[in-house]
Amino acid sequence: DRHEAKQLGRVLLSLWRYYSQFLPEVRGVLAQGRGPIEAKLKQEVKLGRWDEQTYYSLAEAAEKSHRKLSKLVSMYDGVLRKPCSEALDLAMTRGVRTLAGPGGVMA
């Protein structure tokens, strides 16, 4: 039982080491998707008005802001739900191009 646990630990460590090399690419893809959403969120924060005098106008503004925020959150969820295979494919393609060199022939 202890031997199996050690073996499983080695397998998991190997998997982690292999896929950690792709972490910068995955983070880059996430940042690319997150950038436009953050810009929209910052714009909404600038445009948000909370200086209305009546309760009804304040409640309406809060509801509108809530809907927009929910929309932005769902957009970000969509970015997070994208498969990592896109980032892995990108990393693999870049790696092959790097190995191939400028002429496209493996060095």
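## Helix α2

In α2, the residues Glu-25, Val-26 and Ile-37 are buried. The structure described here is a predicted model, and helix α2 covers residues 23-47. The 25 residues of α2 should span 36 Å at 1.5 Å a residue, and the end C-alpha atoms of this helix are indeed 36 Å apart, so the two values agree.

The axis of α2 is nevertheless not straight throughout: the helix bends by about 30° at Arg-34. A proline, Pro-36, follows this bend within four residues.

## Two residues of α2 at the surface

Val-45 lies in helix α2. With a relative accessible area of 61%, Val-45 counts as exposed, because the cut-off for that class is over 50%. Between Val-45 and Ser-65 there are 9.0 Å in space, C-alpha to C-alpha, although the two are 20 residues apart in sequence.

Glu-38 is also found in helix α2. Its relative accessible area is 37%, and Glu-38 is therefore partly exposed, a class that falls between the limits of 20% and 50%. From Glu-38 to Tyr-76 the C-alpha distance is 9.2 Å, with 38 residues of separation along the sequence.

## Helix α3

Helix α3 comprises residues 55-80. This helix has 26 residues and reaches 37 Å from its first C-alpha to its last, which is close to the 38 Å expected at 1.5 Å a residue.

Ala-61, Leu-72 and Val-79 are the buried residues of α3. These buried residues pack against α2.

## Packing of α2 and α3

The axes of α2 and α3 are 9 Å apart, and the two helices pack at an angle of about 175°. The helices are therefore roughly antiparallel to each other, since angles over 145 degrees count as such.

On the α2 side, the contact is made by Leu-30, Gly-33, Arg-34, Ile-37, Lys-40, Leu-41 and Glu-44. Their counterparts in α3 are Lys-68, Leu-69, Leu-72, Met-75, Tyr-76, Val-79 and Leu-80. By class, the residues of this contact divide into nine nonpolar, one polar and four charged.

Several of these residues also appear in the descriptions above. Arg-34, where α2 bends, is among the residues of α2 that meet α3. Ile-37 is buried and likewise belongs to this contact. On the other side, Leu-72 and Val-79 are buried residues of α3 and are also listed in the contact with α2.

## The chain as a whole

The chain has four helices and zero strands, and its elements run α-α-α-α from the N terminus on. Of its 107 residues, 9% count as buried.

Among contacts in the chain with a separation of 6 or more, 68% are accounted for by residues 24 or more positions apart.

Notes. Residues numbered from 1 in each chain as written. Predicted model: local features only at pLDDT ≥ 70, side-chain atom pairs only at ≥ 80, totals over all residues. Heavy atoms only, no water. Buried < 20%, exposed > 50% of the residue type's maximum accessible area, 1.4 Å probe, protein only. Expected span 1.5 Å × (residues − 1). Bend = angle between axes of the 7 residues up to and from the residue. Axes fitted to C-alpha atoms, helices over the stretch in contact; angles between N-to-C directions. Parallel < 35°, antiparallel > 145°, perpendicular 65-115°, else oblique. Contact = heavy atoms within 4.5 Å. Nonpolar A, V, L, I, M, F, W, Y, C, P; charged D, E, K, R; others polar.
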